[in-house]
Amino acid sequence: MLTKIFKNNYDIINILIALIPISYALGNLILSLNTLLIVVIGIFLFKFEVFATKRKILNYLIYFFFFYIIFVTIFNNIDSISENELYKKHIIKSFLYLRYLLLFLVVAKLTETGNFNVKYLFFTSAFMSLFLAIDIIVQYSFGQDLFGIVSVDEIRRAGFFGDEFIAGGYLQIFSFFLIFSSVLFSKNRKIFVLTFLLSSILLLSSIILTGNRMPLMLFLMGLVLFAFLERRFRKHIITLSFIFLVISAVLINNYKPAKNFVKLYYTHSYEIVFTSMDLFNNKIDYEVKSHHLKTFNAGIDLWKQKKVFGSGLKSFRINCEFDFNKLCNTHPHNYYIELLLDVGLVGTFSMILIFLIPIVSFIKNNYISYNKNLFERITVLPFFLTTFAYAFPIKSSGSFFTTTVSTFIFLFLAILINSEKIKLNKN
């Protein structure tokens, strides 16, 4: 009976995917449990078919990447297990990381077979983005959010995330579901433009108030990329750019923490852009100010020791040593530096191809072949814009191998690679 229900109804797995934005807000444990349920039910639904796909090149790359992580981690850690408990834990984690391979395969099969209902995820993502954006603005305006949470930081606000300052990143991941949310109930272009402008202004304001610099940059980059792809909306992006400048000017002139924030952001960004290469090549004899740049430098220096094959999963926390212009942390705060360090040029190049194949495929299917109309393209654009933001190399970031980052990277890649099969009006 249970088998019959599962075989004829994909709503359970679609609902679980739709719950991911809520799971993320509730914490890594809930997100991990949600991912596990998706994997278990997906394998129950598709059985061995989950390992068969039409995208053979991408599939081979995905398999290689995940099993290479295990191989290189074992190779670099097995002889040191007795020295530090972390070596053993990292080997175990390299095997546990396979859950994201299974997540990718399950969701890819769901979309490939035409059984992914994009409405569910679209709705929850848009709702959670709207709720958090309003919550942050309320917290800024009244000193506490809708749940009575007071911000513990003068500059940054996190809304219902409390003292965990990840609200900007959360909004950046799910923002375009809200911006394009009118496609859920209307195909009227005027309604779309109005929803687009109002939600963009709301999100822009709230991301600025979070004080999270990189999510703001990636959000603006997403809007610019959208304007580049959809030329008819360029004038609206210009309008938003003007509004952004006005909002920024008002905040900088009337809010001292915002002025200090912008000054610090400019100083550190300038230093990262114009001094990083000299620092990485040991051509700087003075102390740089940016903590991120010092962390990048420590990661690059470690990578030079094992350039081709890497040092294994989460090697930065074990091997990093504090030194002049070098800071240590749990990870090097850049996806590509972390990949280079952990899986070397071999693993990094494979991951770049894993990003590129779905991105190029999406652009070809939607903007070269023109097989879809405007609203059909907009339905899948959030997955493309978010994946592009994850793939963007020049940024500070969390760890590539964390629960949150890995979940969204491989979830969105699985959807994006089969975006031509996604229909908004699916029952």
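## Two positive phi angles

At 43% relative accessibility, Lys 47 falls in the partly exposed class. This is a predicted model, so treat the numbers below as coming from that prediction. Lys 47 sits in the loop that runs between helix 4 and helix 5 (56-77). Its backbone is a bit unusual to look at: phi is positive, about 50°, although Lys 47 is not a glycine.

His 333 is the other residue to check here. It has a positive phi of about 65°, and it isn't a glycine either. You'll find His 333 in the loop between helix 15 (316-319) and helix 16 (335-368). With 18% relative accessibility, His 333 counts as buried, because the cut-off for buried is under 20%.## A greasy patch on the outside

Six side chains make up a nonpolar surface patch: Leu 26, Leu 29, Ile 30, Leu 33, Leu 36 and Val 40. Together they offer about 580 Å² of accessible area. Helix 4 (residues 28-46) supplies the largest share of the patch, with five residues.

Ile 30 is in helix 4, and at 33% relative accessibility Ile 30 is partly exposed.

## Cores and helix packing

Now for the inside. The largest nonpolar core counts 111 residues, and the ones with the most contacts within it are Phe 65, Phe 180, Phe 400 and Phe 410. Apart from that core there's another one of 16 residues, including Leu 293, Leu 302, Cys 320 and Leu 340.

What does Phe 400 touch, not counting residues up to four places away in sequence? Its partners include Phe 65, Tyr 97, Tyr 335, Met 351, Phe 355 and Phe 410, and also Glu 338 and Ser 406.

Helix 2 (residues 11-18) has Ile 13, Asn 14, Leu 16, Ile 17 and Ala 18 as its buried residues. These buried residues pack against helix 3 (20-26), helix 4, helix 7 (98-112), helix 8 (118-142) and helix 18 (403-416).

## Thr 387, a buried polar side chain

Thr 387 belongs to helix 17 (residues 374-391). With a relative accessible area of 2%, Thr 387 is buried. Where does a polar atom of its side chain find a partner 2.7 Å away? The backbone oxygen of Phe 383 lies at that distance.

Leaving aside neighbours within four places in sequence, Thr 387 is in contact with Phe 355, Ile 359, Phe 412, Leu 413 and Leu 416. Phe 355 also turns up among the residues that Phe 400 touches.

## Salt bridges

How many salt bridges does the structure hold? There are four. One of them joins Glu 112 to Lys 109, with the closest N and O atoms 3.1 Å apart. Both of these residues are buried. They are three residues apart in helix 7, which means about one helical turn separates them. An α-helix has 3.6 residues a turn, so residues three or four places apart point the same way.

Glu 287 pairs with Lys 294, and here the closest N and O atoms are 2.6 Å apart. Lys 294 is buried, at 9% relative accessible area. Another bridge runs from Lys 326 to Asp 301, with a closest N and O separation of 2.7 Å. This pair links distant parts of the chain, 25 residues apart: Lys 326 is in the loop between helix 15 and helix 16, while Asp 301 is in helix 14 (residues 291-303). Lys 326 is buried, with a relative accessible area of 16%, whereas Asp 301 is partly exposed at 24%.

Definitions and conventions. Residues are numbered from 1 along each chain as its sequence is written. This is a predicted model: local features need pLDDT of at least 70, side-chain atom pairs count only at pLDDT 80 or more; totals for chains, interfaces and linings use all residues. Side-chain values use heavy atoms; hydrogens and water are left out. Helices (H or I, at least four residues) and strands (E, at least two) are DSSP runs, numbered from the N terminus. Buried means under 20% relative accessible area, exposed over 50%, partly exposed in between (1.4 Å probe, protein chains only). A polar contact is a pair of N or O atoms within 3.5 Å; within protein, one must be able to donate a hydrogen and the other to accept it, and residues adjacent in sequence count only if both atoms are side-chain atoms. Contact means heavy atoms within 4.5 Å. Patches are made of residues with over 30% relative accessible area and no salt bridge: like charges are joined within 9 Å, nonpolar side chains (Val, Leu, Ile, Met, Phe, Trp, Tyr) within 5 Å. Accessible areas come from the Shrake-Rupley method with a 1.4 Å probe; for residues, only the protein chains shown count as cover. A nonpolar core is a set of buried Ala, Val, Leu, Ile, Met, Phe, Trp, Tyr and Cys residues joined through side-chain atoms within 4.5 Å.
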